[in-house]
Amino acid sequence: MTLSAIGLSAMRSGRIILHPTSVEIEPGARIGLVGASGSGKSTLGHALIDALKAQGLQVAHVPQSPDEALDPLRSLAFHWHEAAQARGLADGAAHQRAIFSALKIDGGDLRKRPWGWSRGMQQRFVIAMALMGTPDLIVLDEPTSALDPVIAAATMNLLDRHLERTNTAMVLITHDLGLAARRVSHLMVMAAGRLVEEAETGKILNNPQTSEAKRLAAHRNWMEVPC
Ligand SMILES: Nc1ncnc2c1ncn2[C@@H]1O[C@H](COP(=O)(O)OP(=O)(O)OP(=O)(O)O)[C@@H](O)[C@H]1O
Ligand SMILES: [Mg+2]
């Protein structure tokens, strides 16, 4: 079933930060949401998640900052247990072992509060929670921003395999066109709270139409980034 959200918009402090925007996502599609800082990517991500959840769909979210996903007063074990329960899994123990090992956070002490782990470990923990179960869509907002390039690449590879196995759709929010170019088949380009261009990744990289897409594609060193 195509995931569809029509007329998403947002206003903050009397200012429109997201102009009415409609998004359609095919099952298993991999879409990159790109644009300059402040262009409205996270805002559109949040609006999309809210709209799809209101339709009864399951959406996993890896927010831009782990602080948005983790309660500083609760242990990581509590977060894990709560996420497993919310997805109807017994305790997610087998999944936990496999995924923690793949994400290289298996040495982490789950009895600790989030701040007892590094930012990078917290970010991977939140990704591990998102990979539990089979949501209709995973929205990842700058998922590798706190990771070194090698761990970032390994994390994205793991994510790729998971999406393939479960045919889960993904929206990858990033200002890093190098990351997007390797991981998604379609790009949506944002500027000043609007979706200004939408096309296959290759088309936007090789033949961008709008000034915003041209500006992003002009950074041709994106092929050298390891993830
Ligand atoms: N709570 C808020 N109050 C006022 N303005 C806000 C609020 N949240 C976001 N904005 C503004 O809305 C615009 C879009 O913000 P948003 O966080 O969606 O951008 P972004 O593309 O995700 O940026 P970045 O790449 O830096 O994460 C920005 O100009 C931001 O300052
Ligand atoms: Mg953002």
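The following questions and answers concern the sheet, the core and the ligand shell of a predicted model.

User: In what order do the six strands of the open sheet stand?
Analyst: The pairing in this open sheet is mixed. The twist averages 15° from one strand to the next. Strand E4 (59-62) and E8 each have a single partner strand, so one side of each is left without a neighbour in the sheet. The order of the six strands is E4-E5-E6-E3-E7-E8.

User: Is strand E7 (residues 186-191) largely enclosed or open, and how many of its residues are buried?
Analyst: A residue counts as buried if 20 or more other C-beta atoms lie within 10 Å of its own. Strand E7 has six residues and is largely enclosed by the rest of the structure, because the number of them that are buried is five.

User: Which residue of E7 is the bridge partner of Gly32?
Analyst: Strand E3 (residues 30-35) pairs with E7 over five bridges. The sense of this pairing is parallel. Within E7, the bridge partner of Gly32 is Leu187.

User: Which residue in the turn between E7 and E8 has a positive phi?
Analyst: E7 and strand E8 (residues 194-200) run antiparallel and are joined by six bridges; within this pairing, Val189 stands opposite Glu197 in E8. The two strands form a hairpin with two residues between them. The turn residue with a positive phi, about 45°, is Ala192.

User: At what angle to E4 does H5 run?
Analyst: E4 pairs with strand E5 (residues 137-141) in the parallel sense, over four bridges. His61 has Val139 in E5 as its bridge partner. Helix H5 lies across both E4 and E5, and its angle to E4 is about 175°.

User: Which helix gives the largest share of the largest nonpolar core?
Analyst: The largest nonpolar core has 53 residues, and Leu33, Leu48, Leu137 and Val171 have the most contacts inside it. The largest share of this core is seven residues, and it comes from helix H5 (residues 119-130).

User: Which residues does Leu137 touch, not counting residues up to four places away in sequence?
Analyst: Leu137 is one of the residues with the most contacts inside the largest nonpolar core. With residues up to four places away in sequence left out, Leu137 touches Leu3, Ile25, Leu52, Val59, Thr168, Ala169 and Val171.

User: Which residues come nearest to ligand 1?
Analyst: The shell around ligand 1 divides into one nonpolar, ten polar and two charged residues. Helix H1 (residues 41-54) supplies the largest share, three residues. Of the 13 residues around ligand 1, those that come nearest are Arg12, Ser37, Lys41, Ser42 and Thr43.

Terms used: Residues are numbered from 1 along each chain as its sequence is written. Chains are lettered from A and ligands numbered from 1 in the order in which they are written. This is a predicted model: local features need pLDDT of at least 70, side-chain atom pairs count only at pLDDT 80 or more; totals for chains, interfaces and linings use all residues. A residue is near a molecule or strand if its C-beta atom, placed from the backbone, lies within 6 Å of it. Ala, Val, Leu, Ile, Met, Phe, Trp, Tyr, Cys and Pro count as nonpolar, Asp, Glu, Lys and Arg as charged, and the others, Gly among them, as polar. A residue is buried if 20 or more other C-beta atoms lie within 10 Å of its own, exposed if 12 or fewer, and partly exposed in between; C-beta atoms are placed from the backbone. Two strands pair if DSSP finds at least two bridges between them. A nonpolar core is a set of buried Ala, Val, Leu, Ile, Met, Phe, Trp, Tyr and Cys residues joined through C-beta atoms within 7 Å. Two residues are in contact if their C-beta atoms, placed from the backbone, lie within 7 Å. Axes are lines fitted to C-alpha atoms, for helices over the stretch in contact, and angles run from 0 to 180 degrees between N-to-C directions.
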